[in-house]
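Student: I've got a structure open and I'd like to learn how to read it feature by feature. Can you walk me through it?

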Amino acid sequence: MRRAAIYARISSDPEGTRLGVDRQIADCRRLAADLGWEVHDTYVDNDLSASSGRLRPEYVRLCDDVKAGVVDAVLGWHTDRLHRQPRELEDFIDLIDAAGDVLIRTVMAGEVDLETADGRAFARMRGAMARSEADKQSARIRRKHAELAAAGKLAGGGTRPFGYTPDRLHLVAEEAAIIREAAARVLAGESLRSVAGDLNERGVRTTTGGGWSLQSLGRMLRSARISGRREHHGQVVAPAVWPAIISAADSDRLRSLRSRAAGPALAGRTPRRYLLTGGLLRCGRCGTPMVSRPRTDGARRYVCAPGPGFGGCGRMATVAEPVEALVAEAVLQRLDTPQLAAALSDARRASTEAEALHEQVAADEALLDQLAADVGARRISHREWMAARQPIQARIDAAQRRLSRISPTQPVDEYAGRSHLLRDAWAGLPLTRQNAIIRLILDHVVVTPAVKGRNTFDLNRFRPVWRL
Ligand SMILES: [Zn+2]
């Protein structure tokens with residue numbers, strides 16, 4: 001695991017993007033967690049009084065620790081927090097070259113890495129004083145790495161990837177089966193936390209002999225490796241020389257889950273205790289989505305919540321258990337009807353669109369790769385590169401957003417035409433999976449007011465609005 005240093009700097013910010021040091025550190029910590037890096041130490045300089053080039057004791061300590069190998073990664077909020085002048089940047093590049101394997105990442109412009117020639121050139125351009133000539137030698141080496149990647153070859157180094165033999169070229173059957181299972185469960189709407197917990201309970205270990213964390217499981221499922229594709233700086237660049245465990249389409253779907261802020265699967269929140277969350281129940285008085293909120297005695301219920309962020313009327317509530325049972329039963333019954341089977345096969349046609357989108361993304365990624373090669377070989381300038389890259393990246397982002405919305409039949413695919421099996425399995429499914437299945441079929445349920453004086457559970461209070 002990378003041992004990372006977080007560097008933050010308080011400065012008199014001429015660009016007006018004043019940023020508190022706490023925020024810088026918090027964002028860096030989040031980035032570290034996302035990358036699966038351990039934060040070794042935090043280094044903070046106060047630069048307010050120094051006009052330029054004056055003492056930065058913590059920066060000096062940071063450089064010493066990089067040199068001594070105490071840390072092998074540096075996180076900053078922005079490159080301009082790390083280096084104030086081209087001279088410092090150049091010294092820093094010399095330092096990390098001497099130290100060997102050191103990774104630099106920033107929260108803003110996360111792609112501005114200093115271990116590639118492209119990243120360095122970009123950082124220098126920001127410093128408005130390029131010294132790119134001095135880097136030609138290492139650019140050649142980096143380009144070699146990029147070529148290896150483009151050929152789908154091994155990068156080497158690091159621990160053995162789960163699912164593959166130590167030479168990384170062949171499958172370990174039992175581990176590959178675990179990957180397929182985990183991928184299918186996450187794609188079906190189950191949370192990473194739930195899957196990781198289950199693997200740990202079953203005694204499945206990572207290749208370092210440890211338990212599964214949200215990070216390690218997420219990292220594995222998002223790696224292009226398991227789909228038999230080579231990744232270089234976060235982009236899929238080529239088919240790999242090793243075999244695939246899951247399909248490219250499934251891999252793209254798993255990789256797109258990361259960017260979906262609201263996506264339940266990779267968000268890593270605590271397991272939900274409520275089944276009908278996310279707008280599945282609506283207040284029959286004002287139409288506001290009802291939210292889960294226990295009564296003071298702890299009884300689970302859903303309410304129309306008033307106030308900021310909710311905006312409801314505050315005049316509707318229902319206890320959770322009976323309405324959850326009712327909705328689950330209604331959904332299971334509906335799954336049994338031939339009309340629904342027909343609707344599901346319609347929905348499956350959406351996967352044709354998904355295939356087309358995957359092809360488009362692959363073509364665009366190849367285009368980006370070509371552009372990166374062009375800029376590396378100085379056939380085009382960085383300005384041209386950025387201009388050309390922008391619309392392509394926007395197209396990829398749009399396609400991936402669309403992809404993350406279409407995979408509608410996935411939660412019930414394994415039960416297609418066998419809904420009695422789903423009924424048997426229902427109680428044992430995790431809530432996230434149950435929620436995904438309900439969401440597939442049911443748009444929402446309108447909850448109407450209880451009849452005064454009646455205190456038994458009244459089925460007529462609930463009116464479902466079906467999606468399929
Ligand atoms: Zn209401």
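Tutor: Sure. Keep in mind that this is a predicted model. Let's begin with the metal site: along the chain, the donors of the zinc ion are spaced as C-x2-C-x17-C-x8-C.

Student: Which protein atoms are the donors of the zinc ion?

Tutor: They are the SG atoms of Cys283, Cys286, Cys304 and Cys313, lying 2.2 to 2.3 Å from the zinc ion.

Student: And what is the arrangement of the 4 donor atoms?

Tutor: For that you look at the angles. Four donors count as tetrahedral if all angles lie between 85 and 135 degrees. Here the donor atoms subtend angles of 98 to 114° around the zinc ion, so the arrangement is tetrahedral.

Student: Where in the fold do Cys286 and Cys313 lie?

Tutor: Both are in loops. Cys286 sits between strand 7 (281–283) and strand 8 (291–292), while Cys313 sits between strand 9 (301–303) and strand 10 (317–319), so this pair ties together parts that are 27 residues apart in sequence.

Student: Are Cys286 and Cys313 buried or exposed?

Tutor: In between. Partly exposed covers the range between under 20% (buried) and over 50% (exposed) relative accessible area. Cys286 comes out at 36% relative accessibility, so it counts as partly exposed. Cys313 has a relative accessible area of 27%, so it is partly exposed as well.

Student: Let's turn to strands. What does strand 7 pair with?

Tutor: Strand 7 and strand 11 run parallel, joined by 3 bridges. One zinc donor, Cys283, stands opposite Val447 in strand 11. Strand 11 is also joined to strand 12, this time antiparallel, by 5 bridges. Among the residues there, Val446 has Arg463 in strand 12 as its bridge partner.

Student: How enclosed is strand 11?

Tutor: Count its buried residues. In strand 11, 5 of the 6 residues are buried, so the strand is largely enclosed by the rest of the structure.

Student: What about strand 1, how many of its residues are buried?

Tutor: In strand 1 (residues 3–10), 6 of the 8 residues are buried, so this strand too is largely enclosed by the rest of the structure. Its pairing with strand 2 (residues 38–46) is parallel and spans 8 bridges. With strand 3 (residues 73–76), strand 1 pairs in the parallel sense over 4 bridges. Take Ile6 as a marker: its bridge partner in strand 2 is Thr42, and in strand 3 it is Leu75.

Student: Now for charges. What should I look for?

Tutor: Side chains of opposite charge can pair when their charged atoms come close. Searching the whole structure turns up 17 salt bridges.

Student: Which residue forms a salt bridge with Arg61?

Tutor: Glu58 does, with the closest N and O atoms 3.0 Å apart. Both residues belong to helix 2 (residues 57–68) and are 3 residues apart, about one turn of the helix. Arg61 is at 30% relative accessibility, so it counts as partly exposed.

Student: And which elements does the Asp364–Arg395 pair tie together?

Tutor: Asp364 and Arg395 form a salt bridge, their closest N and O atoms being 2.8 Å apart. Asp364 lies in helix 13 (residues 338–376) and Arg395 in helix 14 (residues 382–405), so the pair ties together parts that are 31 residues apart in sequence. The two ends have their own settings: Asp364 is buried at 5% relative accessibility, whereas Arg395 is partly exposed at 39%.

Student: Which residues are linked in a network of salt bridges?

Tutor: Glu181, Arg185, Asp198 and Arg202 are. Within that group, the side chains of Glu181 and Arg202 meet at 2.8 Å, N to O. That pair links distant parts of the chain, 21 residues apart: Glu181 is in helix 7 (residues 173–187), and Arg202 is in the loop between helix 8 (192–201) and helix 9 (214–222). Glu181 is partly exposed at 26% relative accessibility, and Arg202 is partly exposed at 42%.

Student: Last one: which residues form the nonpolar patch on the surface?

Tutor: Val319, Phe457 and Leu459 do, with about 240 Å² of accessible area together. Phe457 lies in the loop between strand 11 (442–447) and strand 12 (462–466). At 33% relative accessibility, Phe457 counts as partly exposed.

Key
Residues numbered from 1 in each chain as written. Predicted model: local features only at pLDDT ≥ 70, side-chain atom pairs only at ≥ 80, totals over all residues. Heavy atoms only, no water. Patch = residues over 30% accessible without salt bridge, like charges linked within 9 Å, V, L, I, M, F, W, Y side chains within 5 Å. Areas by Shrake-Rupley, 256 points an atom, 1.4 Å probe, with all protein chains shown as cover. Salt bridge = Lys/Arg side-chain N within 4 Å of Asp/Glu carboxyl O. Helix = DSSP H or I, 4+ residues; strand = E, 2+ residues; numbered from the N terminus. Buried < 20%, exposed > 50% of the residue type's maximum accessible area, 1.4 Å probe, protein only. Donors = N, O, S within 2.8 Å, 3.2 Å for Na, K, Ca; no water. Tetrahedral: all angles 85-135°; square planar, octahedral: opposite > 155°, others 65-115°. Pairing = 2+ DSSP bridges.
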